[in-house]
Amino acid sequence: MSSNLSLLGGTPVRSQPFPQRRTMGDAEKKAVLEVMDSDCISGFLGSPGEGAWGGPKVREFEERWADRFGYKHAISVNSWTSGLMTAIGAARLGPGDEIICPPYTMSASATAAFFYGAIPVFADIDPVTYCIDPKSVEARITPRTRAIMVVHLFGGSADMDALHAIADRHGLRIIEDAAQAPGTTWKGRYVGGLRDIGGFSLNYHKHIHTGEGGVIVTNDDDLALRSRLIRNHGENFIETLGLQDIDNIVGGNYRLTEIQAAIGIAQLDRLDDILAQRRMLARHLAARLEGVPGLHAATELPGCDHAYYIYPIRFDPAVVGIDRRTFIEAVSAELPRAGIPEDIPLSGGYVKPLYLNPVYQRRIAIGGKGFPFDRAGDPAPSYAKGLCPVAERMHEDELMISFLVREPLTTSDLDDFADAMLKVIEHAPALRRRSA
Ligand SMILES: *Cc1c(COP(=O)(O)O)cnc(C)c1O
């Protein structure tokens, strides 16, 4: 490894494109055709009776999902964004309530609160797990706090023991956003509904998918029933169930079609293979990066299996001697150009810490007059720059992410990726001289 850097006119490590992911196969095609032949494309009706709970494929998919992950209830929804809203409604959160949430996540983990008039309060992340830091959660608790939104970011588990202890001490609900973590375990149990309620995304980019979709999981009968009602116009049939407690039951149409559910059943059969391949690739890459000064491979907490939705690598600019942008530019020049954004081998940061977005900076969410931030007598929480220094540091300087640790890539593809990074580390002095 010593030819000059591609960025400085040398030969790149690899020019052949990385293989593309294919997600649909014969099992999905067959499943879709069966539903087409039945002509029952959706079994849902937004009125009292059997149709309130969905058609045969939806129910089969939900049963299989609940079995696979060891939960009493699985409730399918048309996206995990709808699932987050549903879970928040089911948990009886409402106007004025605060939900403590990490800022380093897909936006819906936080914005779902708005649709019930609740407010996200941001706690910092842990620089090892990239998930919400229990110490920061504790520091953000106020008399208004009702729940913690835990996001198992990139497919790694948050520190659930510490979070459960905080929730117990303060009487809070825990909602788990396990969109990126189907198959992630916390001390031998699958994350998602470890304490109260949570769930998964089935959008096209996730481990397994139904195009768009999601699944809520819980062991709590009340939260499950309320979720089913919110998913499907619960206001129309709550009376027939004899329930008196109707808060937040005004529903949406967050229903999955029979076609999607049939695809979901076939996809669920693929999950174990997908997880096994990603874990094998992740071990291989971690071994290649071990001991490399300035690069840190993804870490798993003891007893927690990572699902590797995205592969995080920590970059230490002081040790490598160049900044992250230059490093990524040089590594990218060693590798084939990506066809689609998802194939970019290495990029910097993940999302901008959410509180820096205009919705928080200007406090304009529902309507134009400041709802739900404008709470009488109580100022809105802070969304100032500097609020979550670890998230900001990861975003600006230290975190790199890769989409290469996934099927159908092989260890030899990942060797090229590792070689590219090692080559740039070796030649960092030349890049330093160039910028000097
Ligand atoms: C994908 C994702 C979501 C949203 O899921 P959709 O099914 O696209 O609505 C929410 N949170 C996280 C962490 C995600 O990765």
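In strand β9, Gly-214, Ile-216 and Thr-218 point one way, while Val-215 and Val-217 point the other way, and all of them are buried. The model is a predicted one. Five of the five residues of β9 are buried, so the strand is largely enclosed by the rest of the structure. Here a residue counts as buried when its relative accessible area is under 20%.

What lies beside β9? Its partners in pairing include β1 and β8. Strands of a sheet pair through backbone hydrogen bonds, and they do so either parallel or antiparallel. β1 and β9 run antiparallel and are joined by five bridges. Within this pair, Ser-76 is the residue opposite Val-215 of β9. β8 is likewise antiparallel to β9, over five bridges, and Gly-198 has Val-217 of β9 as its bridge partner.

These strands belong to an open sheet of seven strands, ordered β1-β9-β8-β5-β4-β2-β3, and its pairing is mixed. At the edges are β1 (73–77) and β3 (119–122), each of which pairs on one side only. On average, neighbouring strands of this sheet are turned by 25° against each other, direction ignored. A parallel pair is formed by β2 (residues 98–101) and β4 (residues 145–151), with three bridges. In that pair, Ile-100 has Ile-148 of β4 as its bridge partner.

Helices pack on this sheet. Helix α2 (residues 56–69) touches β1, β8 (197–201) and β9 (214–218), and its direction makes about 130° with that of β1. Helix α7 (residues 221–231) touches β1, β5 (173–177), β8 and β9, and its direction makes about 15° with that of β1.

Further along the chain is helix α13 (residues 389–398), whose buried residues are Val-390, Ala-391, Glu-392, Met-394 and Glu-398. An α-helix has 3.6 residues a turn, so residues three or four places apart point the same way. The elements covering the buried residues of α13 include β11 (311–315), α10 (317–320), α11 (324–333) and β13 (399–402).

Pro-353 sits in the loop between β12 (347–348) and α12 (358–361). Is this proline buried or exposed? Pro-353 is buried, because its relative accessible area is 1%, and the cut-off for buried is under 20%. Leaving aside neighbours within four places in sequence, its contacts are Pro-103, Ala-391, Glu-392 and His-395. Of these, Ala-391 and Glu-392 are among the buried residues of α13.

The next topic is empty space. Rolling a probe the size of a water molecule over the atoms shows where such space is left. How many cavities of 30 Å³ or more does a search of the whole structure find? The search finds one. The largest cavity holds about 90 Å³ of space. It is lined by 16 residues, and those closest to its centre are Gly-156, Ser-157, Thr-299, Glu-300 and His-306. The lining of this cavity divides into seven nonpolar, seven polar and two charged residues.

There are also pockets. The largest pocket contains about 410 Å³ of space. Among its 25 lining residues, Met-106, Gln-180, Asn-203, Lys-206 and Tyr-309 lie nearest the centre. Helix α3 (residues 80–90) gives the largest share of this lining, three residues. By class, the lining of the largest pocket has eleven nonpolar, ten polar and four charged residues. The second largest pocket contains about 310 Å³ of space. Its lining has 19 residues, with Pro-19, Gln-20, Arg-21, Ile-340 and Asp-343 closest to the centre. The lining of the second largest pocket is made up of eleven nonpolar, two polar and six charged residues.

Some backbone details remain. Most residues other than glycine have a negative phi, and most peptide bonds are trans. The bond from Phe-371 to Pro-372 is cis, with omega near 0°, and Pro-372 lies in the loop between α12 and α13. The bond from Glu-407 to Pro-408 is also cis, with omega near 5°. Pro-408 lies in the loop between β13 and α14 (411–426).

Asp-39 has a positive phi, near 65°. It is placed in the loop between α1 (26–38) and α2. Asp-39 counts as exposed because its relative accessibility is 62%, and exposed means over 50%. Asn-248 also has a positive phi near 65°, and is found in the loop between α7 and α8 (258–268).

Conventions: Residues are numbered from 1 along each chain as its sequence is written. This is a predicted model: local features need pLDDT of at least 70, side-chain atom pairs count only at pLDDT 80 or more; totals for chains, interfaces and linings use all residues. Side-chain values use heavy atoms; hydrogens and water are left out. Two strands pair if DSSP finds at least two bridges between them. Helices (H or I, at least four residues) and strands (E, at least two) are DSSP runs, numbered from the N terminus. Axes are lines fitted to C-alpha atoms, for helices over the stretch in contact, and angles run from 0 to 180 degrees between N-to-C directions. Contact means heavy atoms within 4.5 Å. On a 1 Å grid over the protein atoms alone, a cavity is a set of points where a 1.4 Å probe fits but cannot get out, and a pocket is an open set with protein on both sides within 12 Å along at least five of seven lines; lining residues have an atom within 4 Å of a point. Grid points are joined across faces, edges and corners, and a volume is the space filled by probe spheres set on the points. Ala, Val, Leu, Ile, Met, Phe, Trp, Tyr, Cys and Pro count as nonpolar, Asp, Glu, Lys and Arg as charged, and the others, Gly among them, as polar. Buried means under 20% relative accessible area, exposed over 50%, partly exposed in between (1.4 Å probe, protein chains only).
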